[in-house]
Amino acid sequence: MKIIPRTKAQVRRTAVSRAWFYNFPEYELHYHENFHKQTETWHHFRRVSEILYIIEGRLTFLWKEKGKTRRRLVRAGDIIETGTSSHTFVSADRKPAKL
């Protein structure tokens with residue numbers, strides 16, 4: 001059993017979000033707070049599949065599929081499996097979205 005305190009996370013704050021990164025050899029775990037109406041940078045992963053669980057708030061999730069940009073509103077309780085697609089998200093509420 002392991003308990004990893006929040007103080008062990010790498011913290012990154014930008015104009016768009018605040019995030020805590022827990023990096024391990026086998027996987028990474030991130031906790032994000034996306035600020036109101038702010039858009040994350042488009043990104044994708046080649047070797048891992050990103051899975052997002054929306055804890056609080058709503059996000060407009062955008063991704064590229066077969067050359068087209070798709071979008072969907074997601075809310076607390078939803079899970080997104082990004083695969084290796086290029087994607088981004090925008091907080092849809094005044095309070096930060098937490099994922």
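**Briefing: ring contacts, strand pairing and pockets**

Arg 6 is placed over the face of Trp 20, with 4.1 Å separating it from the ring centre. This is a predicted model, and the points below take up its aromatic contacts, its strands and its pockets in turn. Two aromatic pairs turn up when the whole structure is searched, and the largest pocket encloses about 470 Å³ of space.

**Aromatic pairs and charges over rings**

- One of the two aromatic pairs joins Trp 20 and Tyr 31, whose rings are tilted, with 5.2 Å from centre to centre and 45° between the planes.
- Because Trp 20 belongs to strand β2 (residues 17-23) and Tyr 31 to strand β3 (residues 28-34), this pair ties together parts that are eleven residues apart in sequence.
- Trp 20 has a relative accessibility of 10% and therefore counts as buried, whereas Tyr 31, at 21%, counts as partly exposed; the cut-off for buried is under 20% relative accessible area.
- Phe 61 and Trp 63 make up an aromatic pair that is stacked, with 5.5 Å from centre to centre and 25° between the planes.
- Within that pair, Phe 61 counts as buried, since its relative accessibility is 5%.
- A charged side chain also sits over Trp 42, where Lys 64 lies over the face of the ring at 4.6 Å from its centre.

**The four-stranded sheet**

- An open sheet is built from four strands in the order β1-β2-β3-β9, and the pairing is antiparallel.
- Strands β1 (10-13) and β9 (97-98) stand at the edges with a single partner strand each, so one side of each has no neighbour in the sheet.
- Four bridges connect β1 with β2 in the antiparallel sense, and Arg 13 has Arg 18, in β2, as its bridge partner.

**Strand β4 and its partner**

- Strand β4 (residues 50-53) has a covered face made of Glu 50 and Leu 52, while Ile 51 and Tyr 53 make up its uncovered face.
- Strand β7 (residues 79-83) runs antiparallel to β4 and is joined to β4 by four bridges.
- Glu 50, from the covered face of β4, stands opposite Gly 83 in β7.

**The largest pocket**

- The lining of the largest pocket, whose space comes to about 470 Å³, consists of 19 residues, and those nearest the centre are Glu 28, Leu 29, His 30, Ser 49 and Glu 50.
- Strands β3 and β4 each contribute at least two residues to this lining, and the largest share, five residues, comes from β3.
- Sorted by class, the lining of the largest pocket holds twelve nonpolar, three polar and four charged residues.

**The second largest pocket**

- The second largest pocket has a volume of about 170 Å³, and its lining includes Arg 12, Phe 21, His 32, Glu 40, Thr 41, His 43, Phe 45 and Phe 89.
- His 30 and Glu 50, which are among the residues nearest the centre of the largest pocket, also line the second largest pocket.
- Leu 52, which lies on the covered face of β4 together with Glu 50, is another residue that lines the second largest pocket.
- For the second largest pocket, too, β3 and β4 each supply at least two lining residues.
- The classes in the lining of the second largest pocket are four nonpolar, four polar and three charged residues.

Definitions and conventions:
Residues are numbered from 1 along each chain as its sequence is written. This is a predicted model: local features need pLDDT of at least 70, side-chain atom pairs count only at pLDDT 80 or more; totals for chains, interfaces and linings use all residues. Side-chain values use heavy atoms; hydrogens and water are left out. Rings of Phe, Tyr and Trp (its six-membered ring) pair if their centres lie within 6.5 Å; planes under 30 degrees apart count as stacked, over 60 as edge-to-face and the rest as tilted. Buried means under 20% relative accessible area, exposed over 50%, partly exposed in between (1.4 Å probe, protein chains only). A charge sits over a ring if NZ of Lys or CZ of Arg is within 6 Å of the ring centre and within 35 degrees of the ring normal. Two strands pair if DSSP finds at least two bridges between them. On a 1 Å grid over the protein atoms alone, a cavity is a set of points where a 1.4 Å probe fits but cannot get out, and a pocket is an open set with protein on both sides within 12 Å along at least five of seven lines; lining residues have an atom within 4 Å of a point. Grid points are joined across faces, edges and corners, and a volume is the space filled by probe spheres set on the points. Ala, Val, Leu, Ile, Met, Phe, Trp, Tyr, Cys and Pro count as nonpolar, Asp, Glu, Lys and Arg as charged, and the others, Gly among them, as polar.
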